[in-house]
Amino acid sequence: MKTLLPTSTAGSLPKPAWLAKPETLWSPWKLQDEELAEGKRDALRVSLHDQQRAGIDIVSDGEQTRQHFVTTFIEHLSGVDFEQREIVKIRDRYDASVPSVVGPVAREKPVFVEDAKFLRQQTDQPIKWALPGPMTMVDTLYDGHYKSREKLAWEFAKILNQEARDLAAAGVDIIQFDEPAFNVFFDEVNDWGIAALEKAIEGVECETGVHICYGYGIKANTDWKKTLGSEWRQYEEIFPKLQASNIDIVSLECQNSHVPMELIELIRGKKVMVGAIDVATNTIETPEEVAATLRKALQFVDADKLYPCTNCGMTPLSRQVAQGKLKALSAGAAIVRQELAR
Ligand SMILES: [Zn+2]
C-alpha cells in the first residue's frame, strides 16, 4: 500500500431493502433465481460505490452475496446437511440451530471466485475478500462425522486454501479469515487453530489477514461482553503465537472496547487493522474520536503498518448509520495522516 493509513472495513455492510430485510442477521433474500443473482451484483456495485464515496482505500464486496459470513460459505460444500439441524452452543455463548457434518467435507467448485472477479472488474483500488476461518467454521456446525474439532478444522483449512488461491488468482489483494472463535477457545487456538489458519494461507499469492473480534452488536454478544470485566485481555492469550505465524495482517476490535491497547505490542511486526469504529452502536463516531483511537494505536504499531478499520461487520446497522461511520473513519484517518506528514 502506497497510501499511509489505508482505510478498510472488517467485512459486511448493510444490504439494500430490495435485496434483503434491513438490519437483520441471516435475513432471507427477497428475490429469486436470475433476479437474485442480478440483484446481488447490483447490491455489490452500490456497496462499492458507498465505500468509494466515503473515501475508503481498500474496498470490498460488502458481503452483499452472502446471508451469513460463515454459513453461506459452508452451503457450497459437500458433506454438510442443512436439513439435519442440531442445537449447539456456539462461541461457548449462545444456542443456535446449525447444520450437520454428515460425511467428508469438500469444495466441489469455487464459492466466491466469480463474485470476486466481478468486484475486480469494477475498480482498480486494492480489494479485500473475507472468508470464514477454519475454527469459526467448526464452531458453527454440528459434527457427526469427524467427531474431532481439530480434524474438521484441518479439512476446512484445505478447502479454504483452494478457495484462497483462486481468489488471489482472480486479483484479490488481501484475503481475510474471520476468526471470532479465536477470542474464546484459547487452548485450541494455540494447539491447532493457528496451525489450521497457516494451512489455509499456504502458497496463497496475495496478502493474508485474520480478523478477531467480539462479534456483531447482537444481544448475546453484548451480554457476554458485560461478563468480561473492565479489561479485556483475551488477545493476550493468542498474540504470541500469532506474532510467530505467517499471517500478514491482524484485524482487531479497538473502538469503545476494553481491550488494553498495549496488547498490540505483542504482535509487533504485523500489519494491524485497528478497529476505530464501534459496530454495536448507532452513534456515529466523530473524526476526532477515530483519530484519538488511531493515535493510541500508533504507540504500538509502526505508522506504515497501521490500517484504520471497523471493529467488525456492519450488516446489522442501517445504511445511513453505516455510511456515516465509513465517512468518519476516512476523516479520522485523514487527520492522523496529516499529523504524521508534519
Ligand atoms: Zn468481527
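With 342 residues, the protein chain would be expected to have a radius of gyration near 20 Å as a compact globule, and its 19 Å agrees with that. That radius is taken over C-alpha atoms, and the globule rule is 2.2 Å times the number of residues to the power 0.38. Keep in mind that this is a predicted model: local features need pLDDT of at least 70, side-chain atom pairs count only at pLDDT 80 or more, and totals for chains, interfaces and linings use all residues. Residues are numbered from 1 along each chain as its sequence is written.

**Overall build**
- The C-alpha trace of the protein chain spans about 60 × 45 × 40 Å along its principal axes.
- Of the 342 residues, 47% count as buried (20 or more other C-beta atoms within 10 Å of a residue's own, placed from the backbone).
- The protein chain has 10 helices and nine strands (DSSP runs: H or I of at least four residues, E of at least two, numbered from the N terminus).
- Among contacts with a separation of 6 or more, 77% join residues 24 or more positions apart (C-beta atoms, placed from the backbone, within 7 Å).

**Where H1 meets H3**
- Helix H1 (residues 33–53) and helix H3 (residues 113–122) have axes that come within 11 Å and cross at roughly 45 degrees (lines fitted to C-alpha atoms over the stretch in contact, with angles from 0 to 180 degrees between N-to-C directions).
- H1 supplies Arg 41, Leu 44, Arg 45 and Leu 48 to the contact, while H3 brings Phe 118, Leu 119 and Gln 122.

Key:
Contact = placed C-beta atoms within 7 Å. Buried ≥ 20, exposed ≤ 12 C-beta atoms within 10 Å, placed from the backbone.
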